[in-house]
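Me: I'd like a close look at one part of this structure: the sheet and what is packed or paired around it. Take your time and keep it conversational.

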Amino acid sequence: MKTVTIIGLGLIGGSLGLSLRQLGLATHIIGVDQNTDNARRAQELGLVDETTADLAAAVRRADLVVVAVPMDAMLTVVPQVLDEVKQQVVIDVGSTKATLLAHLQEHPRRSRFVAVHPMAGTEYSGPEAAVPDLFADKTLVVCDAQYSDADAVQLVERVFQGLGMHLLFLDAADHDLHAAYVSHISHITSFALALTVLEKEKEEQRIFDLASGGFASTVRLAKSSPDMWVPIFRQNRLNVLDVLDEHLHQLQNLRNLIAREDFDGLHRAIEQANHIRKILP
């Protein structure tokens, strides 16, 4: 693989460019971003070798095209990219899949597209958020691979295994369901906790002075960009509502135990929650 074009130079796109360069997985990286400040900054930071506003030309020059834009924009940008494709491989790195893949189902170049989701990220955004080794030892979900050409899937496997990622193959519906439970609910909960504290604790200095490591780590996702997360919640709305209903049920149960002063029951509930230790270190 010689040339990679990355469309969208934020956290994921920028980190991908940085990692591909550092590991020698691409010889030339072209950046495309509608925000000219982002494009300029990405080149200054060495995330890409050049930037251009000419999306069509950037696609035609590439061996691999990465679309790393918010999910609503994916519905417009990915078809535009596929319109320019001959044998290039195109991937997205979005957090939801079913809506996008249904949208692309009839595109004549659909087979050159591979839907992937690197399960990696931070609460920060923009080119400055790009970090080396973001993808190392993380999971890459490849969705509906049977609809992509075999050589396209093989290229994706080589690239992301080269980044140190573990590959998991799922269909789009399963991906969106599980992503709601292990990723999207974490962000919803963090947003809600931040809103709760901001509503109840009016003294910002007290929040700063008293916030412990536990609070800071739990609420850090509330710093995430609404431009990124509102489209995710929109496209995965039914799964997000499902997980929210269960989360609200669990919160209500804990509230009832405390209200009834049933601290033995609360102890049992926390013990049950501790079983997550068997799954997560």
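Reply: Here's a walk from the sheet outward, ending at a couple of loops.

First, some housekeeping: this is a predicted model, where local features need pLDDT of at least 70 and side-chain atom pairs count only at pLDDT 80 or more, while totals for chains, interfaces and linings use all residues. Residues are numbered from 1 along each chain as its sequence is written, and side-chain values use heavy atoms, with hydrogens and water left out.

The sheet is open and has eight strands, in the order S3-S2-S1-S4-S5-S6-S7-S8, with mixed pairing. S3 and S8 are its edge strands, each pairing on one side only. Pairing here asks for at least two DSSP bridges between two strands. The labels are DSSP runs numbered from the N terminus: helices are H or I with at least four residues, strands are E with at least two.

Start at the S8 end. S7 (residues 139–143) and S8 (residues 166–170) run parallel and share five bridges; in one of them, Val142 has Phe169 of S8 as its partner. Helix H6 (residues 150–162) joins S7 and S8 in a right-handed β-α-β unit (strands pointing away from the viewer, the path from the first strand over the helix to the second runs clockwise). Elsewhere in the sheet, S5 (residues 89–92) and S6 (residues 113–118) are also parallel, with three bridges between them, and Ile91 finds its bridge partner in Val114 of S6.

Now for the other end of the sheet, where Ile30 makes a good anchor. Ile30 is in strand S2 (residues 28–32) and is buried, at 0% relative accessible area (buried is under 20%, exposed over 50%, partly exposed in between, with a 1.4 Å probe and protein chains only). Leave out its neighbours within four places in sequence, and Ile30 still touches Thr3, Val4, Thr5, Ile6, Val48, Glu50, Thr52, Ala58 and Arg61 (contact means heavy atoms within 4.5 Å). Glu50 is 20 residues from Ile30 in sequence, yet their C-alpha atoms are 5.1 Å apart.

Two residues on that contact list, Glu50 and Arg61, are themselves partners: their side chains meet in a salt bridge, 2.7 Å from N to O. Glu50 is in strand S3 (residues 50–51) and Arg61 is in the loop between helix H3 (55–60) and strand S4 (64–67), so the pair ties together parts 11 residues apart in sequence. Arg61 is partly exposed, with a relative accessible area of 45%.

The salt-bridge rule is a side-chain nitrogen of Lys or Arg within 4 Å of a carboxyl oxygen of Asp or Glu, and by it the count is 13. One of them, between Asp72 and Arg234, has an N-to-O distance of 2.1 Å. That pair links distant parts of the chain, with Asp72 in helix H4 (residues 71–83) and Arg234 in helix H10 (residues 226–235), 162 residues apart. Asp72 is partly exposed at 30%. There is also a network of salt bridges, made of Asp37, Arg40, Arg41, Glu44 and Glu128.

Next, helix H12 (residues 263–273), whose buried residues are Gly265, Leu266 and Ala269. Looking down the axis of H12, these fall within an arc of 100°, so they line one face of the helix (the arc is that of the directions from the helix axis to the C-beta atoms). The face turned away from that buried side carries the exposed residues Asp264 and Arg268. Helix H11 (237–259) is part of what covers the buried residues of H12.

Between H11 and H12 there's a loop holding Glu261, which has a positive phi near 55° without being a glycine. Most residues other than glycine have a negative phi. Glu261 is exposed, at 60% relative accessible area. On either side of Glu261, the side chains of Arg260 and Asp262 meet in a salt bridge at 4.0 Å, N to O. Arg260 is exposed at 53%, whereas Asp262 is partly exposed at 25%.

Back by the sheet, Asp144 is another non-glycine with a positive phi, about 50°. Asp144 sits in the loop between S7 and H6, within the stretch that leads into the β-α-β unit's helix. Unlike the exposed Glu261, Asp144 counts as buried, at 12% relative accessibility.
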